[in-house]
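Visitor: I'm new to reading structures, so could you walk me through this one?
Guide: Sure, ask away as we go.

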Number of protein chains: 2
Amino acid sequence: MTSLHSVVNLRDARKVAIFGGTHGNEMSGVTLVNMWINNGAEIQRSGLMIKPLITNPRAVEKCTRYVDTDLNRAFTPDNLSAPRNEDMPYEVRRAQEINQMFGPKGSPDAYDIIFDLHNTTSNMGSTLILESSKDDFNLQMVNFIKQAIAPTSCSVLLNEHPLLQYSTSRSIGKHPIGLEVGPQPQGVLRSNIFESMRAIVKHALDFIELFNGGMEFQPCMVDVYRVSEKMDYPRDKNGNITAMVHPNLQDGDWKPLNPGDPMFQTFDGSTINYEGGSTVYPTFINEAAYYEKQQAFVMTKRETLTANGIKAYKI
Amino acid sequence: MTSLHSVVNLRDARKVAIFGGTHGNEMSGVTLVNMWINNGAEIQRSGLMIKPLITNPRAVEKCTRYVDTDLNRAFTPDNLSAPRNEDMPYEVRRAQEINQMFGPKGSPDAYDIIFDLHNTTSNMGSTLILESSKDDFNLQMVNFIKQAIAPTSCSVLLNEHPLLQYSTSRSIGKHPIGLEVGPQPQGVLRSNIFESMRAIVKHALDFIELFNGGMEFQPCMVDVYRVSEKMDYPRDKNGNITAMVHPNLQDGDWKPLNPGDPMFQTFDGSTINYEGGSTVYPTFINEAAYYEKQQAFVMTKRETLTANGIKAYKI
């Protein structure tokens with residue numbers, strides 16, 4: 001491995017954003033970001049500009065996921081380039097504003113790192129979400145965080161699927177990273193989830209500070225779960241669901257689902273088994289917000305990525 | 001006890017309603033009631049008219065608690081007697097419609113029994129909610145249900161508090177009974193919670209059928225938790241919360257909270273203890289919907305009620 005992977009020089013990271021409230025009812029990020037806006041001492045790091053932002057303040061005020069449309073799907077090229085117009089959905093206007101402040105997406109002016117803080121009703125524990133398997137910086141950061149919080153587990157979800165990837169708020173940054181912690185109901189703030197999220201952000205900022213300070217991070221391997229397919233609930237011809245996640249699968253995020261294993265339980269008590277050809281690792285199982293997205297869970301496959309070592313250079 | 005409590009004759013119960021979707025994002029009741037509207041075989045009982053109803057269809061459609069105002073607080077005398085007006089909040093109009101169909105509240109025409117199906121994000125398990133300690137019929141039904149589902153626990157919450165009682169949808173029936181099952185996030189349908197609720201409704205209907213069929217139920221004692229006080233989150237001068245439910249209290253519904261026990265954890269890590277003078281039994285701990293009602297949990301006291309025996313007479 002080390003023969004193929006060497007240490008690459010990357011520009012130091014100076015501009016970091018921490019987004020909370022991209023979904024207004026995911027309370028850990030909303031609360032942490034509001035706290036840091038009032039008093040940023042905890043997230044200050046030498047030489048770093050760190051900007052906490054409530055990305056969807058109207059949704060936060062209403063304690064709802066979104067007002068007009070899902071902000072975390074709104075950062076598409078079409079939306080970001082559309083002529084400004086007061087009839088636009090609120091979140092499209094807001095995406096344009098955020099893109100002005102923290103992007104523009106794909107440009108050299110974009111923020112170096114954007115963390116986006118989310119909660120899930122699924123039993124996923126702490127999860128870091130990556131959008132690229134080639135991003136050495138993010139893979140090194142993830143590796144650092146995993147080691148820092150061990151033996152507590154921190155899973156890594158890689159969503160590089162051409163059809164299932166979506167246009168996230170964090171995607172306007174050069175190194176986008178999602179942090180998803182659960183289980184927590186929408187509209188609820190649980191102390192254990194709050195403290196888990198806070199600890200991960202702390203370790204992430206420590207990593208960036210060490211990197212900027214000249215520390216060399218050696219090539220490393222990172223176990224990830226790669227998104228492969230989504231699975232909808234069984235539905236009738238009117239689109240109403242006709243079955244629930246099976247009790248054997250409920251809360252079993254990251255555990256293997258083998259061909260023949262129970263997957264759904266219909267309202268009349270019969271079992272629907274998983275009929276795929278190979279073992280998958282479901283996650284986002286029974287996430288509240290995904291009923292409207294026709295998704296009971298997402299299937300992943302396990303994979304080990306290798307990251308180049310990294311070292312900062314300053315311009 | 002039996003010397004003081006005898007068997008009273010009550011009129012048989014013929015009209016029964018099952019309400020779901022009083023809060024549109026509490027999915028067990030929504031799903032069960034929709035299922036029974038499509039196929040009522042499971043809830044049919046000899047000699048009984050049983051009517052399932054989605055009480056707040058607009059909130060169900062949006063998967064939100066309510067549209068304009070909380071329907072389960074809307075059945076006040078003022079609301080129910082107000083002149084109809086298209087500018088009224090949707091839920092007030094809907095309360096009037098429901099009162100016409102299943103009440104009028106306090107009249108001889110009102111439905112005999114109204115079950116209202118709810119979910120909570122709190123770790124309350126299965127809970128039956130009563131509004132009167134004097135209702136022999138409901139106490140006998142609760143006793144029957146508790147025995148039928150034992151050893152699974154079913155708690156009884158008695159809300160007879162003059163200031164904390166509220167004007168529920170079910171209050172238009174002669175024997176109102178709330179069924180609250182959790183923990184379940186808003187917008188999520190969990191199979192275990194669904195099946196627990198379904199089983200309790202089955203036993204409740206079995207009880208009514210036995211009662212109507214002439215079975216005599218002997219005087220009995222029922223352990224209840226009586227609502228005594230509500231507790232808000234610590235807040236700053238702007239109304240924002242400054243602390244979370246303490247991890248020792250989180251998920252500890254129905255367990256004793258003793259003077260000096262930890263109650264809240266502030267964001268800077270300090271503990272706020274319970275300073276009351278006597279042991280209480282908190283419930284609805286960290287319920288999502290109660291943040292807006294300034295309630296972190298409700299305190300209860302344990303009490304044992306004695307119910308008269310009951311036997312039906314027919315007119």
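Guide: Let's begin with the record: UniProt lists residues 13–208 of chain A as "domain: Succinylglutamate desuccinylase/Aspartoacylase catalytic", from an unreviewed entry. UniProt positions here follow the numbering used in this text, with feature names shortened, and annotations may be inferred rather than shown by experiment. In the model, that span is 35% helix and 19% strand, and its end C-alpha atoms lie 7 Å apart. UniProt also places "domain: AstE/AspA barrel-sandwich hybrid" (unreviewed entry) at residues 222–302 of chain A. Residues 222–302 of chain A are 0% helix and 37% strand, with end C-alpha atoms 11 Å apart.

Visitor: What should I keep in mind about the model and its numbering?
Guide: This is a predicted model, where local features need pLDDT of at least 70 and side-chain atom pairs count only at pLDDT 80 or more, while totals for chains, interfaces and linings use all residues. Residues are numbered from 1 along each chain as its sequence is written, chains are lettered from A and ligands numbered from 1 in the order in which they are written, and side-chain values use heavy atoms, leaving out hydrogens and water.

Visitor: How many aromatic pairs are there over all chains?
Guide: There are 30. Rings of Phe, Tyr and Trp (its six-membered ring) pair if their centres lie within 6.5 Å; planes under 30 degrees apart are stacked, over 60 edge-to-face, and the rest tilted.

Visitor: What makes Phe19(A) and Phe102(A) an edge-to-face pair?
Guide: Their centres are 5.1 Å apart and their planes are at 80°, which fits edge-to-face. This pair links distant parts of the chain: Phe19(A) is in strand 2 (residues 15–20) of chain A and Phe102(A) in helix 4 (residues 90–102) of chain A, 83 residues apart. Helices (H or I, at least four residues) and strands (E, at least two) are DSSP runs, numbered from the N terminus.

Visitor: Why is Phe19(A) called buried?
Guide: Buried means under 20% relative accessible area, exposed over 50%, and partly exposed in between (1.4 Å probe, protein chains only). Phe19(A) has 0%, so it is buried. Phe102(A), at 1%, counts as buried too.

Visitor: And why is the pair of Phe207(B) and Phe217(B) called tilted?
Guide: Their ring centres are 4.7 Å apart and the planes are at 50°, so the pair is tilted. Both Phe207(B) and Phe217(B) are buried.

Visitor: How do you know that the charged end of Arg73(A) sits over the ring of Tyr166(A)?
Guide: The rule wants NZ of Lys or CZ of Arg within 6 Å of the ring centre and within 35 degrees of the ring normal. The charged end of Arg73(A) counts as over the ring of Tyr166(A), 3.6 Å from its centre. Likewise, that of Arg302(A) sits over the ring of Tyr281(A), at 5.4 Å.

Visitor: How many disulfides are there over all chains?
Guide: Zero. A disulfide is a pair of cysteine sulfur atoms within 2.5 Å.

Visitor: Why is Cys220(A) too far for a bond?
Guide: Its sulfur is 14 Å from the closest cysteine sulfur, in Cys154(A), so that is too far. Cys220(A) counts as buried, at 8% relative accessibility. Cys63(B) is in no disulfide either, as the nearest cysteine sulfur, that of Cys63(A), is 13 Å away. At 36% relative accessibility, Cys63(B) is partly exposed.
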